[in-house]
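Welcome! Please take a moment to look over the sequence and the model shown here, and then let us walk through them together.

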Amino acid sequence: MSLILIAEQILNGLQSGIMLFLMAAGLTLIFGVMGLINLAHGSLYMVGAFCAAAVAAATGSFALGLVAALAGAAAAGALIELVVIRRLYDRDHLDQVLATFALILVFSEGTRWVFGSFPLYLDVPAALSGPVTLPGGIEYPLYRLTLILAGLAVAAGLFWLIARTRIGIQIRAGENDREMIAALGVDIDRLYTFIFALGAALAGLAGALVGAIQSVQVGMGEPVLILAFVTIVIGGIGSIKGALVGALLVGLTETLGSVFLPEVFKLFMAPAAATQTGASLSSMAIYILMAGVLLWRPTGLFGARA
Amino acid sequence: MTRETLFNLAVLAGLIALPLYAHLAEEPFTITLATRAVILSLAAVGLNIALGIGGLVSLGHAVFFGIGGYAMGILAFHAQNYMPLMEAPFLIEGTKSMPMIWLVAVIASALAALVIGLLSLRTSGVYFIMITLAFGQMFYYFAISWSAYGGEDGMSIYVRNDFPGLNTLVPIQFYGLCLAALVLALGFNGALARSRFGLALNAARQVPERVRAVGLDPFRLRLVAFTISGAITGLAGALFADLNRFVSPTMFSWQLSGEFIVFIIIGGTARLFGPVVGACLFVVLEHYIGGWSDYWHIWFGLLLLVIVLFGRGGVIGLIAGKARAHG
Amino acid sequence: MAKAVLETKGLRKAFGALQATDDVSISLRAGEIHAIIGPNGAGKSTLIGQISGALTPDAGQVLLGGKDVTGLPVQARARAGLARTFQISQLAMEDTVLQNAALGALGAFGRPFGMVRPVLRDTAIRDRAEAALERVGLLDQRAMRTAELSHGQRRQLEVAVALTLEPRAFVMDEPMAGLGTEGSARLTGFLDELRSQAPILLVEHDMDAVFALADRISVLVYGRVIASGTVEEIRRDPAVREAYLGDET
């Protein structure tokens, strides 16, 4: 086990963590401001990936694909907010779960209807393919490195948006008191639609970016959705900072666990058994992490105390 | 007798008469369909104790369904291969006996519910929903990685397990067993709703502060409810595995957890027969719309949206009017 | 001096920079009504929270029957004999009036895990619940859904649930709130008799009721007890008049 391998795996963990952050940020914003649990967030991830794959295939341009992912997911987000989601803000969580579960069914089957059951492929753009040599002699795929940097840039932009802009002030006010922002003369309906579309665009972007290293297919959104839930439970629901920390923790735990746990078990078990045990345990590692955080702080690392 | 009671009796009569008719008309497929509906009903009845009375929106109840299924799968797998489960420190062998399998399924899923409940009931609201969902996913991935029992492919059991005095290979006899389990569970659920525990649990959902103020602990009430709920759903999982003679990680899938909740809502929340009506309707729709359109989930999703957004009280609410406080 | 049934010693609780209760020591003796008055934000709710167990004090003790209950959660204090009523009614609105009272009786008798026998056929529970309803004048409404009760009836039910506990001490958080003149007068008469069963720590804004009922009054201002004594002593106390009663007398 070389240091280079370890460094590589840490970078992989960072990469999946930062993509997870793009998903979790939208979820946690939507919950923090509107009090809504949105199971269909994974569908928006899928919509982004499909838009990117379809447009990139038609135009041959990855960049246009990304634009399509952002626009398509934001449009889908705004549409469902206007038609369905805004009827749910005053409902209990059970109704929110059911209605957004229904949206998943509609989105998944609708996508299957349009694109068929076979996965689409989104190619990494030529300019970003191939490895790059990092300081210390680490060879790392340029595209993945780009994902880390792009994700960090988006995260920085999001923090800036919330901390420094007028709309950010409205978002923070909305987290504390709905009536308060109404009293400030803010059009709440438009604010909510904007936040929902913003969250959707982030999810769509993540879907498109990850779609280039995995396949683009129906049902790709839900595993990521559940990971994003784990992330915001760990970070504390409603906290963007918590989403970032949680996402990196989950990304690193998952990636490092699946590589290193079998190795660790090999130290004191027969190789076959160690691989088996390690694989089983690493599949559960992030949930064990979540359970541990919950025992310690039931409202997450950065959550408001209940 | 209220309209709801009459309606419930009519549903029960239908569940007895229809498969009997199918048996006489030699339509075994209809009986299989009815068996599936009855087993899914049982799973949702289990969830309804936590959700309907206790207000615990568990989005991970497929965990218990899956544990019940794997309890059956593992025991029967060892029995059919004449391979003991464990030799040291004492011998444990597989079994093909349904009562034995059910017992193991119920105990295992109750234990899992107890542990998951201990962790997740420390939280409430959205946290609880997300955490139960996450634990569901954990079991799903664990089952996939557990290659000793089929991993992602699951495992097949060649012959249905035995029940003393019955030939479970005859569809109507197996159906009878499943229906009996459902009726027992409904009877228990009905009694529970009116009992001391039901009163306290129902109040803990509405006003936990009050429940504490009279000296009762809502956490314990919920934990017990969640454990019982998991045990019943686990039993349903064992039956489901026997119906298909197959278990796989999909029994743990979060979609299934979502569908259990859907059954309850379609039928009507906090109604004794809500889960039964919902599950039966789901199976019927799945069969008929599924036969007519490949994309039946779209129609089902839209139907569900309409029910959630506009139709309060589900099917039973539509037919039997507003729920009444019992007692 | 009779031994205190309920006593607080040096209770303190701060929320950030705000000292909500500051060294509060009060006692409740058998047979008395001890009223806590004070302007809004004086720390009355915080005090009740600490006595009932919903809030953990930063310092100080709560004693019930001479035993330290400071470390016990709400439900354990209730089992030890402390019954509270809520300022905003905490009732199971979907349930019937009788079911709400039966919940109290169930709490008093314990064993909440019975799952087979109908709770309302349990004569011990039912009798106690109905007796409490009768005392507050709600027996005829027992089959009604609680959501259908008037505000005043909900306040009565709130008291009835506390009665079913047959506690050693009552803690009542503004039981007269929103009752109107006639309702307040009726409840005043009722509490007047109730004190012989168990003493009442009464937080109340209705000064007529307080002056009519209280054996002793403690005045809470900015989290501190600035005066404590009989009705006459409090009426005469210059500090109280200045800080609180000034406009009203």
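**A hairpin to begin with**

Let us start with a single pair of residues: Thr133(A) stands opposite Glu139(A) in β2(A). A second pair has Leu134(A) opposite Ile138(A), again in β2(A). These pairs belong to strand β1 (residues 131-134) and strand β2 (residues 138-141) of chain A, which run antiparallel and are paired over four bridges. Strands are counted as paired here if DSSP finds at least two bridges between them. The names of the elements follow DSSP runs, numbered from the N terminus: helices are H or I runs of at least four residues, and strands are E runs of at least two. Three residues lie between β1(A) and β2(A) in this hairpin, and in the turn Gly136(A) has a positive phi of about 95°.

Before going further, a few words on how to read the model. It is a predicted one, in which local features need pLDDT of at least 70 and side-chain atom pairs count only at pLDDT 80 or more, while totals for chains, interfaces and linings use all residues. Residues are numbered from 1 along each chain as its sequence is written, and chains are lettered from A and ligands numbered from 1 in the order in which they are written.

How confident is the prediction? The model scores ipTM 0.92 and pTM 0.93. For single residues there is pLDDT, the predictor's confidence in each residue on a scale from 0 to 100. Chain A has a mean pLDDT of 89, with 98% of its residues at 70 or more. Within chain A, the element with the highest mean is helix α3 (residues 62-83), at 96, and the one with the lowest is helix α7 (residues 178-183), at 71. For chain C the mean pLDDT is 91, and 97% of the residues reach 70 or more.

Now to the way the chains meet. Residues are in contact if their C-beta atoms, placed from the backbone, lie within 7 Å. Two pairs of chains touch, and chains A and B share the most contacts. There, 36 residues of chain B are in contact with 36 residues of chain A. On the side of chain B, α5 (125-145), α10 (254-267) and α12 (296-310) each give two or more residues, and α5(B) gives the most, with 14 residues. By type, this side of chain B has 27 nonpolar residues, eight polar and one charged. Here Ala, Val, Leu, Ile, Met, Phe, Trp, Tyr, Cys and Pro count as nonpolar, Asp, Glu, Lys and Arg as charged, and the others, Gly among them, as polar.

Chain B also meets chain C, in a contact that takes 32 residues from chain C and 24 residues from chain B. On the side of chain C, α2 (74-79) and α3 (97-109) each supply at least two residues, and the largest share, seven residues, comes from α3(C). That side of chain C divides into 18 nonpolar, seven polar and seven charged residues. Chains A and C have no contact with each other, and their closest C-alpha atoms are 13 Å apart.

Chain C has an inner division too, into domain 1 (1-81 + 167-249) and domain 2 (97-166), with bounds that come from an automatic or database domain assignment. Taken over C-alpha atoms, the centres of these two domains of chain C are 26 Å apart. Seven residues of domain 1 and eight residues of domain 2 make up the contact between them.

What about two residues with a less usual backbone? Most residues other than glycine have a negative phi. Tyr82(B), however, has a positive phi near 50°, and its place is in the loop between α3 (62-80) and α4 (98-120) of chain B. Tyr222(C) has a positive phi of about 45°, in the loop between β10 (216-221) and β11 (224-229) of chain C. Are these residues buried or exposed? A residue is buried if 20 or more other C-beta atoms, placed from the backbone, lie within 10 Å of its own, exposed if 12 or fewer, and partly exposed in between. Tyr82(B) is exposed because it has 8 other C-beta atoms within 10 Å, whereas Tyr222(C) is partly exposed because it has 16.
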